[in-house]
Structures are given as C-alpha cells and as structure tokens.
Amino acid sequence: MLVGWIALLGVLGWAEADQKGTKPSRPDGRASELGRLVFEQNCAICHGSAGDGRGMAGMMVRTKPRDFRPGIFKFRSTPNGSLPTDEDLFETISRGLRGTGMIGQDDLPQTKRWAVVEYLKTFSERFQREKPQRPISIPKPPPRTPELIAKGRKLYQKAECFKCHGIEGGGDGPSAEGLEDDRGYPIRTADLTRPLKRGSSPEAIYKTLVTGLDGTPMPSYEGALTDEEFWALSFYVASLNTGTLSHQQRREAAAGQHVLRMHGGRGPGMMRRMPMMQ
Ligand code: HEC
Ligand code: HEC
C-alpha cells in the first residue's frame, strides 16, 4: 500500500517536473520573506533553519540532508564544479531524489518553489561570488537499438564503471567499499538496478555522466566519450533498471513522507503548533 503510494507520487512528480512554469524575475535579486517561510515550513526540519543540514529529522535517514553552506550540489545541468542553475534547484525540489528522504514537493505552488530556490541560495556565499556556468548541451538521442545497448555494455567495462557499480550494476564493485563523500562521510555507489535519485531516464543518466555528481566520488566523463558513446552508455544503464526500490530506499522515502506529513506546511503541522518546537 505504502509502496504503491510512493510509486504513484514518483510518477506524478515526473509528470509535473516538466511543467516548470516561468521563473518570476525579482528585480532586486534578493530572497523574499515568502522564501524564508516556505523553507521554515517545508525544509528546515531536515536541512536546519541555518541551512546546515542539521534539522532534527536528519537522524531518521541514512543519506543525510544536504548542508547548503558549501554551495556544492550533485544534480546540475552545469559542468563539473559549477553552481547549479535556478532551474536545476527547482527541478530537484519538484521531483525529489528517489529513494531518499528528499521527497518531491511539487504540490507546493510554483511561486513558493521559486521563492525557496532564491532563499536556499542565501545560505552559501558562493552564489554571491559566482555565476553558474552554461548548462551542458544534450544532443538528440540516437534510436534505441540492440546494437546501441550492446555498445553501451562494452563501454561500461571499458570506462571501468564496474569498479564502483559492479559488473551487473548492483553497486558492489571492488572499489565500492569504503567510499567517502568530500566531507568525509561514508557514501554508497548507486545500485544501477534500482530507481536512481535523479530518475532513470537515459536523459537523466546522460546528465549525470557528463556533469558528474559534485561532492561525491562519481566523476564527470566530459570529454572522455563521444556524444554517441554517452547515449549508448546511458541507454545501457537505463536498461539495467528494474524500477523497484530497494528495502533501504523504501525506508528512506517513507521516512521523508512521514516527516512531511507531520511537520510540512501542508500537513497537520503538529510540531509547529507546539510552542516548545517554535
Ligand atoms: C525529510 C527530509 C527532507 C526535507 C523535508 C527536505 N529535504 Fe532536501 N534533501 C534531503 C536529503 C536526505 C537530501 C540529500 C540527498 C542526497 O544527497 O542524495 C536532500 C538534498 C537536497 C538538495 C540537494 C540536491 C543536490 O543537487 O545536491 C536540495 C537543493 C534540497 N534538498 C532542497 C530542499 C528544499 C528546498 C526543501 C523544502 C522545500 C527540502 N529540500 C526538504 C532531505 C530533505
Ligand atoms: C569511483 C567510483 C565510481 C565510478 C568509477 C563511477 N561511479 Fe557512478 N556513482 C558513484 C557514486 C558514489 C554514486 C552515488 C552518488 C550519490 O548518490 O550521492 C554514483 C552514482 C551514479 C549514478 C546514479 C545517479 C542518480 O541519479 O542516482 C549513475 C547513473 C552512475 N553513477 C553511472 C556511472 C557510470 C555509467 C559510470 C562509468 C562511466 C560510473 N557511474 C562510474 C561512484 C562511481
């Protein structure tokens, strides 16, 4: 039942993630009071009021909520090492990161989502100093043929993806043991047979391969492969996916749903009504 709901929410998240609406332009470029309120009500319980990733619900999930202060983001359309675009952040908030506590909040009105994007950028000085680089260009995919997938399978060996992700993609390669993120916390490689955080479409995988996931051991392969090779590999990796969340992924997503129901701006908001929790 619960699993069904999570799956359904995932599907709805995808449909909506495409409808980005238009980004409201704020002439002063500053975060609004609305952004702060949305953050306090929907995000701070995990990401902390100071954006330091130390909200009290963080203990419920193994993959910890992001600390926004360093300004390092995994899921970007921009090259390795760059800040994400506002649209990237909007997409993450809308779609969520599958199999983690980061549940898509596409039921928040778009104005609120854009406002919280502006607000979360205030936690890191990086956004004052730097501009995001231009998003990578994603060429039209070639037709999905058995030859293309076979080519992708070879590239998976040749590019040594298996070292971390395992021969069959199960996340159990020889280098998977003891990996850390760049803040020194243990990190697991993705099990490529399970739903991926960014979604499991070839296009999502293409973006991950070209841009890399900043702050993690997942490197960028920009320049190392041709456009066609990137597509072959992306289609191959997508073909490994069974679409079924692992036990751990289900637990994390269920914890995230629970937190949103209990503390989110749209749920009963029990904690917020208790004065000691203010
Ligand atoms: C139930 C806990 C929870 C809530 C509530 C929550 N998040 Fe997250 N969030 C997470 C976790 C866990 C991660 C880390 C996922 C990972 O690194 O794989 C994350 C990661 C992120 C990221 C980083 C994505 C990247 O590319 O690295 C952004 C941006 C983000 N959250 C924004 C928000 C915003 C904005 C809200 C409120 C609208 C919110 N989150 C609410 C748990 C939560
Ligand atoms: C040094 C180890 C390492 C190598 C080599 C590596 N990866 Fe990864 N990869 C990771 C880690 C760690 C993650 C998980 C990052 C996270 O979720 O925070 C990951 C995540 C991913 C994801 C999931 C993104 C998502 O949305 O959840 C895909 C797809 C992926 N890798 C594909 C590949 C492919 C294809 C190759 C070879 C071209 C490759 N990786 C090589 C470590 C590696």
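**Two ligand shells and a helix crossing**

Around ligand 1 sit 28 residues, and those that come nearest are Cys43, Cys46, Lys74, Phe75 and Met102. As a reminder before going further, this is a predicted model. Several helices take part in the shell around ligand 1: H3 (44-47), H4 (86-95), H5 (110-121) and H11 (247-263) each bring at least two residues to it. Sorted by class, that shell around ligand 1 holds 16 nonpolar residues, along with eight polar and four charged ones.

Ligand 2 has its own set of neighbours. It is surrounded by 26 residues, with Cys161, Cys164, Lys197, Arg198 and Met218 as the closest. Here the elements giving two or more residues to the shell are helix H8 (162-165), helix H9 (202-211) and helix H10 (227-240). The class split for the shell around ligand 2 comes out at 16 nonpolar, five polar and five charged residues.

Helix H10 turns up again in a helix pair. Its axis and that of helix H7 (residues 146-158) come within 7 Å and cross at roughly 95°, so H7 is roughly perpendicular to H10. On the H7 side, the contact is made by Leu148, Ile149, Lys151, Gly152, Arg153, Leu155 and Tyr156. Helix H10 answers with Glu229, Ala232, Leu233, Phe235, Tyr236 and Ser239. Taken by class, the contact of H7 with H10 counts eight nonpolar, two polar and three charged residues. Helix H10 thus appears both in the shell around ligand 2 and in the contact with H7.

Notes:
Residues numbered from 1 in each chain as written. Chains lettered and ligands numbered in written order. Predicted model: local features only at pLDDT ≥ 70, side-chain atom pairs only at ≥ 80, totals over all residues. Near = placed C-beta within 6 Å. Helix = DSSP H or I, 4+ residues; strand = E, 2+ residues; numbered from the N terminus. Nonpolar A, V, L, I, M, F, W, Y, C, P; charged D, E, K, R; others polar. Axes fitted to C-alpha atoms, helices over the stretch in contact; angles between N-to-C directions. Parallel < 35°, antiparallel > 145°, perpendicular 65-115°, else oblique. Contact = placed C-beta atoms within 7 Å.
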